[in-house]
Amino acid sequence: MSAADLDFVSPAGPGRPALVTGGAGFVGANLAHRLLQAGESVILFDNLSRPSVVRNVEWLKRVHGDRVTLVTGDVRDAAAVAEVVQRASSVFHFAAQVAVTTSLVRPVEDFEINARGTLNVLEAIRASKSPPPLLFTSTNKVYGGLPDVPLQCRDRHYEPEDPKLRASGISEARPLDFHSPYGCSKGTADQYVIDYARTFGLPAAVFRMSCIYGPRQFGTEDQGWVAHFLIQALRREPITLYGDGMQVRDVLFIDDLVDAFLLARKNIRQVSASAFNIGGGPENTISLLELLDMIEELDGKRPTTGFEEWRPGDQRYYVSDCRRFSGVTGWWPRVRVREGVRKLYGWLQEMIEITGKASPAQAAEELRLEGVG
C-alpha cells in the first residue's frame, strides 16, 4: 500500500490521535502499528481482560514510544468512552466479546459489551462537534447458519451447488438471520452503526468480517482457529474438530485487512452508512481438514485430531463476496492462503526462538500462557 493511501484529514482536526477500541488485541495491534508507522499517534482503549494482550501494548510502546497511549477502560463505561472519543481523529471500534460459546453461557454480558458498548461509542461520536469517522467490525455470523444454501462435497470440503455462488461467495444482499446470542449482539451493533450513519449523518461503515489470521494472533478454540491449529500442532496437543472438518471459510491475512481499514477511512464519504463483507474471497478458501494437510507439510507431522458435534449456528460454508467494497475502493486481498499460513507459522517459529525453549512444545506452551509477541 502506498503512502498516499494513508493520507487522511479528519473533520475532528489535524494532529489528533486515532482511537482503536480493543486496541491491544490481534487486529487492533496490527492496525495501530501501521498507523504509527505512517506517523500518526494512537490511543489504545482496552480493558486488558486477556492478560496476554499486554505483550502487544509493550511491543507497540517499545517500537513507537510515546506516540502510543494506553487507556485502560471498558466500552460499557459510557463516560470513559465519551472522554477518549472527544480526543480522536478517527475511531476503529474493535472491542467486543468474540466467542459464540461465551455468548451461550453469558448472553447478558455478551449483549452489554457488543450491543450496548457499540451504542456508547455511537452516542459519544454523535455528541462530538465534528464527529470522527467510525469503522466497526461486525461478523459473518449476522447471516446465520445459511441452512438454505444447497451444498455439495468435493474432495474434503463443502461448496455451493450453484456455480455463481461458488465463484463469488455470499454478498451483502443476503438477508440477515441472527443465530446465537453472539450473532444477535453483533448484528444489533451492526444495524445501529448503519442507522446512526443514516439518521444522524455520522461518517460510519461496517465490515462483516470472515476469518482473519496472521502474526500477533493468540488463537483459541473459540476465536482465531488458524492460529489455534498451528499452536496446538507446535504443542503436540490434539485438535478438536466440531462437525466433520469439511466446513469451509475464506481466510484473510491481517495485512490485507489493515489495507481495507485504511482505504475505508480514506473513502469514508463513499462507504458511509454501508456494510461490506470482508474476507479472503473465493481465491482464499480452506476447510479445516485442508488446513491440517497444510500444517503437516509445514511441520512434518500431522496433528492428532478428535471430533465433536456441530456447534450452534456453525456454517458449513461461508465465503465473502468482496466485490462491493472492491468496487468502491479498488481493494482486493493480495496474500494467498498458503503464503499467509506459512508467514504465521514462521512468526510462531520466531517466537519459539525468542523464548529459548528446548522444544517446540515448551515454547508453544509459553506462547499460549503468556501471549508472547
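**Exercise 1. Determine which residues H33 touches, leaving aside those up to four places away in sequence, and whether H33 is buried or exposed.**

Solution. H33 touches W59, L60, V63 and H64 once residues up to four places away in sequence are set aside. The model examined here is predicted. H33 itself belongs to helix α1, which spans residues 26-37. Its relative accessibility is 19%. Buried means under 20%, so H33 counts as buried. As a further step, consider A227, which is 194 residues from H33 along the chain; the C-alpha atoms of these two residues are separated by 20 Å.

**Exercise 2. Describe how helices α8 and α11 pack, and which residues meet.**

Solution. Begin with the geometry: α8 covers residues 225-235 and α11 covers residues 288-299. Their axes lie 11 Å apart at an angle of about 45°. The two helices are therefore oblique to each other, and their crossing is right-handed. Next, list the residues: α8 contributes W225, V226, F229, L230, A233 and L234, which meet L288, L291, L292, I295 and D299 of α11. By class, this contact comprises 10 nonpolar residues, one charged residue and no polar ones.

**Exercise 3. Assess whether the radius of gyration of the protein chain agrees or disagrees with that of a compact globule.**

Solution. For 373 residues, a compact globule would have a radius of gyration near 21 Å. The protein chain has 20 Å, which agrees. Its C-alpha atoms fill a box of roughly 55 × 50 × 40 Å along the principal axes. Turning to the interior, 58% of the residues count as buried. Finally, among contacts with a separation of 6 or more, 83% join residues 24 or more positions apart.

Terms used: Residues are numbered from 1 along each chain as its sequence is written. This is a predicted model: local features need pLDDT of at least 70, side-chain atom pairs count only at pLDDT 80 or more; totals for chains, interfaces and linings use all residues. Side-chain values use heavy atoms; hydrogens and water are left out. Axes are lines fitted to C-alpha atoms, for helices over the stretch in contact, and angles run from 0 to 180 degrees between N-to-C directions. Helices (H or I, at least four residues) and strands (E, at least two) are DSSP runs, numbered from the N terminus. Angles under 35 degrees count as roughly parallel, over 145 as roughly antiparallel, 65 to 115 as roughly perpendicular and the rest as oblique. A crossing is left-handed if the near helix is turned anticlockwise from the far one by less than a right angle, and right-handed if clockwise. Contact means heavy atoms within 4.5 Å. Ala, Val, Leu, Ile, Met, Phe, Trp, Tyr, Cys and Pro count as nonpolar, Asp, Glu, Lys and Arg as charged, and the others, Gly among them, as polar. Buried means under 20% relative accessible area, exposed over 50%, partly exposed in between (1.4 Å probe, protein chains only). The radius of gyration is taken over C-alpha atoms; the globule rule is 2.2 Å times the number of residues to the power 0.38.
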